[in-house]
Amino acid sequence: MPKRRDVLRWSVAAGGTGLLSDATAAPADPTAMLAYLCPPDGEKPELATASPPARPFVQPLFVPPVKQPVERLVPPPDPRAHQRYAEFPPEKFYEIREQEFTWIYHPDPPYGGGSGSWGFDGSTPGPTYHARYGEPVLVRRYNDLPPVGVSKVNFALPSTTTHLHNGHTASESDGQPQDWIDSGEFWDHHYANFPARRDPREKLTTLWYHDHRMDFTAANVYAGLDGFYLLFDEEDSGDENDPDPRAWRLPSGKYDVPLIFHDILFDENGQVRWNAFNTDGILGDRYTVNRKIQPYFEVEARKYRFRLLNGGPSRFYRFALSSGKPFCVLTGDGNVLPEPLDADQVYLSVAQRVDVVIDFSEYAIGDKVHIVNTLEQSNGKGPSGRTLDPPVPILEFRVIKATGRDPSRVPRRLRPLPEVDLSLVKHERVWEFDYDGGLWTVNGKVFEPNRIDAGVERDSAEIWTIRNGGNSWSHPVHCHFTEFIVLEVNGRKILPTTVQDHIDGRHVFTENLDPKIDRRPHVKTFMGGQRRDVATLLPGDEIKVYIRFSDFLGKYVMHCHNVVHEDHAMMVRWDIVEPGKGFVGSRSARRVYGTPPAPPHLEPRSANGTQQQDQSEEEP
């Protein structure tokens, strides 16, 4: 009889129609399930069936609320569950609930009746966390989703784990794909909120949280399980009136706006549509910002900070302003640049972020300005490299009179990069992402959660070469836990002053970040600085990076963030181990750790066989 995980997957593939009477029972007629082992013959591409029309720019942008802490948690957290808990005791506690609800993507019919959706605390995106360095927090996440067969969202799985993308987080709080909880359970995430090695140059800013359930990340995020987590400190203080001379005084409060972009498919009834048989990547024909189809946003004639995030699942973007004016770019992924720069366009593969400042005082009252996408992509393989003509407008800004003076500013200098110390390098590894025999692979293997593909020593550094083994696919590769410093792209050395540009479908590199020059640097298309957490591999690309591993032990993953590829096993597990215990090549977790005792902070769950069955499975 199949394991419970397989039974659940089959039930979802069947459209959540209740073919299985309970989570562990075999279907009455096992041969009936054979129809779901391969896609139907002659199935049309998703974009061949258009979503219902929706008028652009007739509804306001949804801005997620700021998450508020609670006084205490009941039952209290167990310190034994977390590394370094006593050293970083939580100063704030949060409760957040994964829920199902009706979400209105657009007021026009058939969307106006709402679509079945998942999210956090009744919205998608979920609430935005405002966290601070030096202020540890604990987030208790409840899974309140209805079970398979009951949920209105019939393509996702109500078995969840939440990853804090970009977070320097202990393994048990990172949201590992295999650390899931089911409906009616909760998980405690301890976010210590300190930079790696307590080095202020390692500080981050725009993070996001999203579901990371093994095999179901794409579907669960598509259903609505994501949101923002913003980090502040004495420089990026979140206060444009901050009198501290160290403060950058960037636009803040209601003038600091997170924007997550998703392209979505809908059926004739205005319900979100998903194709579980598509393994290339899912593209939608309705562009959403914060889960609203092509909204508008009224902006005062002053400066705003916008945090642009490509939430996927598979589309790449190249954003520009319809006015032709440049963006003022502050960050690449969650990393603040050494200095801001101007860019005519910003390039975002899946999961990448860019913080920009737009000064609407440069426009007349009543002007309308659009964020447009200029990058053509017609399938899940990746962008074609061609320019959309005309570009697609996604978000409309409507300029209104300022309600007061603008105290915000953009400083000339921001945050220096961490140093590269090659004397710390213990190993060099190559990771090749490819498509082999109908499977998404890394180094010729599919993901196995009990196989460790790299044993990395704590307090060491390594050099990794991340390679695209194909010539027709693009892969945005994300490594959990730590940022990396790009050393080379396709053999071209990258320096702290280097900015990666992208012009006419090819990489171009400019030495723009020069502190000796007073004017703000300018590039055509910003594709990233030297420090990142997503390596965007276009066809045939090879990127060499320097990574340091510190502060925690445990399991982590690296994967393609075209999450359809990730769910079809384009992922590796790597573990941080004690100094002197690192290794090259793959080993089973049992060989590395032995058979561990049951964690002391967990209680047996007789009603839920998932974890018990997984622990008993034989490892390679």
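## Close-up views of a predicted model

**View 1. Four strands, β3-β10-β9-β6, line up in this order as an open sheet with mixed pairing.** The model shown here, as in every view below, is predicted. At the edges of the sheet sit β3 and β6 (162–165), each of them pairing on one side only. On average, and with direction ignored, neighbouring strands of this sheet are turned by 25° against each other. If you follow β6 to β9, you will find the two strands running antiparallel and joined by four bridges. A handy landmark here is Thr 162, which stands opposite Asp 211 in β9.

**View 2. A second open sheet also has four strands, in the order β2-β1-β4-β8 and with mixed pairing.** Here the edge strands are β2 and β8 (186–191), and each pairs on one side only. From one strand to the next, the twist averages 20°. Inside the sheet, β1 and β4 pair in the parallel sense, over seven bridges. To find your way along this pair, look for Lys 92, whose bridge partner in β4 is Val 137.

**View 3. Phe 155, Tyr 222, Tyr 229 and Trp 274 are the residues with the most contacts inside the largest nonpolar core, which has 40 residues.** Several elements each supply at least two residues of this core: the strands β1 (92–103), β2 (115–120), β3 (129–132), β4 (137–143), β9 (206–211) and β10 (226–232), together with the helices α2 (217–223) and α3 (563–567). Apart from this core lies another one, of 37 residues, and Leu 259, Val 354, Val 356 and Phe 526 are among them. As a general reminder, nonpolar side chains tend to be buried together in soluble globular proteins.

**View 4. Tyr 229 is shown with its contacts beyond four places in sequence.** Its partners include the aromatic residues Tyr 129, Tyr 191, Trp 208 and Tyr 209. Ala 131, Val 137, Leu 164 and Leu 207 are also in contact with Tyr 229, as are Asn 193, Thr 205 and Thr 206. Tyr 229 is also one of the residues with the most contacts inside the largest nonpolar core.

**View 5. Glu 135 is found in the loop between β3 and β4.** Is this glutamate buried or exposed? Glu 135 counts as buried, because its relative accessible area is 17%, under the 20% cut-off. Leaving aside neighbours within four places in sequence, Glu 135 is in contact with Glu 91, Lys 92 and Asn 193. You have met Lys 92 already, as the bridge partner of Val 137 in β4. Asn 193, for its part, is also in contact with Tyr 229.

**View 6. Thr 465 has its place in strand β26, residues 460–468.** With 9% relative accessibility, Thr 465 counts as buried. Not counting residues up to four places away in sequence, Thr 465 touches Arg 429, Val 430 and Trp 431, and also Glu 542, Ile 543 and Lys 544. Lys 544 lies 79 residues from Thr 465 along the chain, yet their C-alpha atoms are separated by 4.3 Å.

**View 7. Leu 495 lies in the loop between β29 (492–493) and β30 (498–503).** This leucine is partly exposed, with a relative accessible area of 43%. Beyond its neighbours within four places in sequence, Leu 495 is in contact with Glu 511 and Gln 530. The C-alpha atoms of Leu 495 and Gln 530 are separated by 7.0 Å, although these residues are 35 apart along the chain.

**View 8. The whole chain, with five helices and 38 strands, puts the close-ups in context.** Of the 620 residues in the chain, 59% are buried. Among contacts with a separation of 6 or more, 78% join residues 24 or more positions apart. The accessible surface of the chain comes to about 23600 Å², and 52% of that belongs to carbon and sulfur atoms.

**View 9. Confidence along the chain averages a pLDDT of 90.** A score of at least 70 is reached by 88% of the residues. Over residues 1–27 the pLDDT is below 50, and this stretch has 46 contacts in the model beyond near neighbours in sequence. Residues 606–620 also stay under 50, and for them the model has 28 contacts beyond four places in sequence.

Conventions. Residues numbered from 1 in each chain as written. Predicted model: local features only at pLDDT ≥ 70, side-chain atom pairs only at ≥ 80, totals over all residues. Heavy atoms only, no water. pLDDT = per-residue confidence, 0-100. Contact = heavy atoms within 4.5 Å. Core = buried A, V, L, I, M, F, W, Y, C linked by side-chain atoms within 4.5 Å. Buried < 20%, exposed > 50% of the residue type's maximum accessible area, 1.4 Å probe, protein only. Pairing = 2+ DSSP bridges. Axes fitted to C-alpha atoms, helices over the stretch in contact; angles between N-to-C directions. Areas by Shrake-Rupley, 256 points an atom, 1.4 Å probe, with all protein chains shown as cover.
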